[in-house]
Amino acid sequence: MTMTTNSLNVNNKEIAKFEKVANQWWELDGDFKPLHQLNPLRVQFICQHVSDQQSEIFAKKIIDVGCGGGILAESLTKLGAKVTGIDMGTEPLNVAKLHALESELSINYEKITVEEKAQQASESFDYVTCMEMLEHVPSPESVIRACAQLVKPGGLVFFSTLNKNIKSYLLAIIAAEKLLKIVPDGTHEHDKFIKPSQLINWAEQNGLKCIDASGIHYNPMTENHKLTDNLDVNYLLCCQKI
């Protein structure tokens, strides 16, 4: 069944927020500086688990859900993957397409919801990535269900989001947005954050088994990120389709 415009799992306020600053996606010291700093760690996490599965990135089909301006999509393409990036923001996608063209990279970018894409391309991808996106949609469970539908049996799905607790509120909103101005004020809403147990439960209900979870520690003094066992604030999950 095709979704109608009114039933799309899209927060227009969130789309507008990212449309407004789309021209900064590839400015290393702009509003998306934290994403550029975080990206190598995301790629490391993905490659580590692909390697654990005795597979590789090269020539694999990957879909990046909520790709924005294409930071992760380009990194995976440079490793030899065949990448599709989907997003509902027109301007971020325009930026992504232009930057890929300038970088001489072949990436398939589409303006489409993950739910619609899952109807079109069920079990078509070796790996699915959905990074820093779940906290920006009305129904994260719907996104997780669609990601599970997109990946091939035995394939991997990678999620990253923010834990929901007082520590994440203090660090991700009060410190990062209000005090240190690491990200623009209003980037996140604490009510939209998701506990790892909730995300894992949604994944399991949709045929995905969580095989690893890792937290992300950020040092504001050195501006370095590293993987940690502590899932209190930012965290990554690797799930496998049963």
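Two strands count as paired when at least two bridges are found between them. Keep that rule in mind while you follow this tour through a predicted model.

**Colour by confidence**

Start with the whole chain coloured by pLDDT. The mean for the protein chain is 91, and 93% of its residues reach 70 or more. Now select residues 1-6. Here pLDDT stays under 50, and the model has eight contacts for this stretch beyond four places in sequence.

**The edge of the sheet: β2 and β3**

Select strand β2, residues 82-87, together with β3. The two strands run parallel and are joined by four bridges. Strands of a sheet pair through backbone hydrogen bonds, either parallel or antiparallel. To look at one position, pick Asp87, which stands opposite Lys111 in β3.

Add helix α4, residues 90-102. Helix α4 lies across β2 and β3, and its direction makes about 170° with that of β3.

**The whole sheet**

Next show every strand. In what order do the eight strands of the open sheet lie? The order is β3-β2-β1-β4-β5-β8-β6-β7, with mixed pairing. At the edges are β3 (108-111) and β7 (224-228), each of which pairs on one side only. Turn the view to look along the sheet: neighbouring strands are turned by 20° against each other on average, direction ignored.

**Inside the sheet: β4 and β5**

Select β4 and β5. These strands pair in the parallel sense over six bridges. Thr129 stands opposite Phe158 in β5. Nine of the twelve residues of β5 are buried, so this strand is largely enclosed by the rest of the structure.

**Helix α6 on the sheet**

Now select residues 140-150, which form helix α6. This helix packs on the sheet and touches β1 (61-65), β4 (125-131), β5 (151-162), β6 (208-219) and β8 (234-241). The direction of α6 makes about 150° with that of β5.

Is α6 mostly covered or mostly uncovered? It is mostly covered, with eight of its eleven residues buried. Among the buried residues of α6 are Pro140, Val143, Cys147 and Leu150.

**Helix α3 and what covers it**

Move to helix α3, residues 71-78, where six of the eight residues are buried. Those six are Ile71, Leu72, Ala73, Glu74, Leu76 and Thr77. What covers them includes α2, β1, β2, α4, β3 and β4. Just after α3, stop at Gly80, which takes a positive phi of about 100°.

One way to see α2 meet α3 is through Asn39, a residue of helix α2. Leaving aside neighbours within four places in sequence, Asn39 is in contact with Ile71, Leu72 and Ser75. Why does Asn39 count as buried? Its relative accessible area is 5%, and buried means under 20%.

**The aromatic rings**

Show the side chains of Phe, Tyr and Trp. The count comes to three aromatic pairs. Trp25 and Phe32 form a stacked pair, 3.8 Å centre to centre with 10° between the planes. Both Trp25 and Phe32 are buried. Widen the selection to include Phe18: ring pairs link Phe18, Trp25 and Phe32 into a cluster.

Then centre on Phe45 and Phe158. This aromatic pair is edge-to-face, 6.1 Å centre to centre with 80° between the planes. Phe45 lies in helix α2 and Phe158 in strand β5, so the pair ties together parts that are 113 residues apart in sequence. Both Phe45 and Phe158 are buried.

For a ring with a charge over it, select Lys61 and Phe125. The charged end of Lys61 sits over the ring of Phe125, 5.2 Å from its centre.

**Last stop: Asp31**

Finish in the loop between α1 (12-20) and α2 (33-52), where Asp31 lies. Asp31 counts as partly exposed because its relative accessibility is 26%. Which residues does Asp31 touch, not counting those up to four places away in sequence? They are Val21, Gln24 and Pro184. Add Lys181 to the selection as well: the C-alpha atoms of Asp31 and Lys181 are separated by 9.4 Å, although the two residues are 150 residues apart along the chain.

Notes
Residues are numbered from 1 along each chain as its sequence is written. Side-chain values use heavy atoms; hydrogens and water are left out. Axes are lines fitted to C-alpha atoms, for helices over the stretch in contact, and angles run from 0 to 180 degrees between N-to-C directions. Contact means heavy atoms within 4.5 Å. Buried means under 20% relative accessible area, exposed over 50%, partly exposed in between (1.4 Å probe, protein chains only). pLDDT is the predictor's confidence in each residue, from 0 to 100. Rings of Phe, Tyr and Trp (its six-membered ring) pair if their centres lie within 6.5 Å; planes under 30 degrees apart count as stacked, over 60 as edge-to-face and the rest as tilted. A charge sits over a ring if NZ of Lys or CZ of Arg is within 6 Å of the ring centre and within 35 degrees of the ring normal.
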